[in-house]
Amino acid sequence: MKFSVGAPLLTAISFASVIAPATAERILQSTSLNSCQENSGFTASLFNVVYSPSLGTAHVNISAISTIEASVVFDIDISAYGYSFLHRTIDPCDVGLAGFCPMVSGKLGDPFILQVSPEAATNIPTIAYDFPDLDAKVRIYINATGGDRAGQSVACLEALISNGQTVDLIGVKWASAVVAGLALASSAFLSGLGHTNAASHVAANALALTSYFQAQAMIGLVGIPLPPVVQSWTQDFQWSMGIINVGWMQRIFTWYQRSTGGTPSTLITQADTLATVSVDVQRRAIDIAKRGVAMLPRSVVEHGSNLLKRTNVQTSYGSFVVYGIQRVAFRAGIESTNLFLTGLVFFYIIMALTTLCVAAFKGSCELAAKQKWMKGDTFLEFRNGWRTVLKGILFRMALIGHPAIAILSFWEFTQSDSPALMVLAVFFFLALNAVLAWAAYKVIRIAHRSVALHRNPAYILFSDPQTLNKWGFLYIQFRASAYYFIVPVLAYTLLKAIFIAFAQNAGLVQAIAFLLIEAGALIGAAVLRPWMDKKTNSFNIAICVVNFLNAVFLLIFTRVFDQPGLVTGVVGVILWILNAVCTLVLLLMLIITTGIVIFHGNPDGRYKFMADDRTSFMKSQSQLATTTELDALAMTARGEKPGYSGLDLDDDDEFNPRGSMHQGQGSGGNSTNSSHHAPSHYAPRSPVDPINRAVSPMNGAASNASVARSQGNVSPVVGSKPPSSPSPWQRGAGYEH
């Protein structure tokens, strides 16, 4: 029976051990000793034990208070992943524990070394030293054998055991961050070379992968008790939320908070530097429930709704309990009162560095062109319109940083670390959301005008380089008819941020909310399939499936089903394995596809033309001919810069149908004006539709030119074509009817 109960756990552990990290030294350690019953007669504010099997000794550093005066025995139960595998009773007099035979009241605070016999060491399974983020605990009931309370439990203590192995690895953090960053940079590089179609695919996949990293980071931020391996795995992706520990920056943040009227937290200093308190990183909901009011200070019991207000939760015996956002901050080595400022500053540091990199690249291109180190027309469009390109890049960075700023700003509203930080939270939250809301409104407005004028949103959204470079970050990853999908994406982010920040002390509420939100996201993605092509839809739907499964696992971690502890332990290991495999596959896919695209002779040729016919409007190097000498002369006569169109379809005045008709009437007989409004690049013409797609029907001169062609220059076959027949750029976008 024991084998059948433990078989699922052993199977998961055996598979996970293949990808587990390993170190040379084997240890078992515990950093907190918690009370697990009310009115416990033995409490500890500091507890640190390190057992080394090679030395056969356990180094103990403890600061505890005992109110027990009686002869006692220790009833010890050891479990791993909720499965109890060892239970025995020990008389402290038999092992020679000073101060416990019999127990006396007083304070125990001297470090000591405890010898561990070889017989006791053989009871510890070998895998306990090697499996990462071991989820094991030792529970000790101190039972009186004499006096008034003979036969009763006078104290209950619980120590969480780890082995020093973890999946919270700096290599995973750097690898994931570098791959995502290089993919985004590669998309910008390809776009600058004129391979717009390939750049849009690479950017779409890079954005999807970054959002998946942030979704995993959000799992670690919830107030639900998580198994150690889940805590460590989600910690690997907290960089995507701006949670990065830099020592000198933390000192500045602490000074700023103190100077603006706040009271900085000192939990990291007490736990790590001074080693004066123990910190219990919450693992299981059942642990907190069973400790009850004995674990919490009286003020917290009386005001449970303010559990997360201002400081970390401190127990009645002096140790601390961290969970949710505070748990992530503690594991990152950041004081919880510095967390908001850390995320905010790193977000704007990335924005500033991005701006400097774009400006430096612009200067390098100009220098290289001047010195004849590269052709004069290389990156020509970027060099002439680099400010518009920079705006689009910063908008994209704002979209990537939106989840972090939303969560940390909402959380700061509940913490009120200082008046200045509250002002910063309000200002930057409103500013960022206002910018993204305005951008989404502009995209929807442009698309509506394009549909009204051309029966296809793709025409204006993809034909004008300024519109594409400035606002394309919101819609280029979607098909043309799903231009609006950025609005559900922003709402999805805000909903998750609200529940993460405001429901830190309501884990079940968070789990149910995540389940409903992820279910809605999965259904919407599977039914609407809004992304640009089949591969991109599959990429994103796979991410939605994993996010939904993670939400199911979170619900299990709340113990709402009252499942055995073994089930919770196995589910934690499965969540880690599932997300590790999915992350590895997605990273490899992105690396391979990006590498092939960059070194391919025709990057745009690797991708099929999309059904919305956007490639007919986009200025792509592989689809459009290079500027000829006559084109250059024409642009010089018009006073335009070569390589970048003077026509801005993003201007509201250009979209006004009445204004355009009046403009056309006013310039009908003036061929000189017509030349001034003609764009500098011409899209390829369809054999069944000779209309020049680069000329907007909004331009009055172009309209008159079209009328002139229909009267004298168009062949009778084309001229007799029924006017109701949809043009090629109207087909495939759902606007034929």
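Trainee: How many of the nine residues of strand S10 (residues 153-161) are buried?
Mentor: A strand here is a DSSP run of at least two E residues and a helix a run of at least four H or I residues, both numbered from the N terminus. Buried means under 20% relative accessible area, exposed means over 50%, and partly exposed is in between (1.4 Å probe, protein chains only). By that yardstick S10 is mostly covered, and its buried count is eight.

Trainee: Before we go on, what pLDDT do side-chain atom pairs need in this model?
Mentor: Residues are numbered from 1 along each chain as its sequence is written, and side-chain values use heavy atoms, with hydrogens and water left out. The model is predicted: totals for chains, interfaces and linings use all residues, local features need pLDDT of at least 70, and side-chain atom pairs count only at pLDDT 80 or more.

Trainee: OK, back to the sheet. How many bridges join strand S9 (residues 136-144) to S10?
Mentor: Two strands pair if DSSP finds at least two bridges between them. On one pairing, S10 meets strand S2 (residues 33-35) in the antiparallel sense over three bridges, with Ser35 opposite Leu157. S9 and S10 also run antiparallel, and the bridges joining them number eight.

Trainee: Which residue in S10 is the bridge partner of Arg139?
Mentor: Charge comes into this spot too: Lys137, Arg139 and one S10 residue are linked in a network of salt bridges. A salt bridge needs a side-chain nitrogen of Lys or Arg within 4 Å of a carboxyl oxygen of Asp or Glu. The bridge partner of Arg139 in S10 is Glu158.

Trainee: How far apart are the closest N and O atoms of Lys137 and Glu158?
Mentor: Lys137 is buried, and so is Glu158. Their side chains form a salt bridge, with the closest N and O atoms apart by 3.7 Å.

Trainee: And how many residues apart in sequence are the parts which that pair ties together?
Mentor: The Lys137 to Glu158 contact has its closest N and O atoms 3.7 Å apart. Lys137 lies in strand S9 and Glu158 in strand S10, so the separation in sequence of the parts tied together is 21 residues.

Trainee: Arg26 and Asp130 pair up as well. How many residues apart in sequence are the parts they tie together?
Mentor: Their side chains meet in a salt bridge at 3.2 Å, N to O. Arg26 lies in the loop between helix H1 (2-16) and strand S1 (28-30), and Asp130 in the loop between helix H3 (118-121) and S9, so the sequence separation is 104 residues.

Trainee: Is Arg26 buried or partly exposed?
Mentor: Its partner Asp130 has 31% relative accessibility and counts as partly exposed. Arg26 has a relative accessible area of 35%, so its class is partly exposed.

Trainee: Which helix holds Glu518, the partner of Lys496?
Mentor: Lys496 and Glu518 form a salt bridge, with 2.8 Å between the closest N and O atoms. Lys496 lies in helix H18 (residues 486-502), so the pair ties together parts 22 residues apart in sequence, Glu518 being in helix H19 (residues 507-528).

Trainee: Rings next. What is the arrangement of Tyr483 and Tyr484?
Mentor: Rings of Phe, Tyr and Trp (its six-membered ring) pair if their centres lie within 6.5 Å; planes under 30 degrees apart count as stacked, over 60 as edge-to-face and the rest as tilted. The structure holds 23 aromatic pairs, among them Phe478 and Phe485 at 5.4 Å centre to centre and 65 degrees between the planes. For Tyr483 and Tyr484, the centres are 5.8 Å apart and the planes at 85 degrees, so the arrangement is edge-to-face.

Trainee: Is Tyr484 buried or partly exposed?
Mentor: Tyr483 has a relative accessible area of 9% and is buried. Tyr484 comes out at 32% relative accessibility, so that residue is partly exposed.

Trainee: Last one: how far apart are the end C-alpha atoms of helix H12 (residues 339-370)?
Mentor: The expected span is 1.5 Å times one less than the number of residues. For the 32 residues of H12 that gives 46 Å, which agrees with the model. The end C-alpha atoms are apart by 47 Å.
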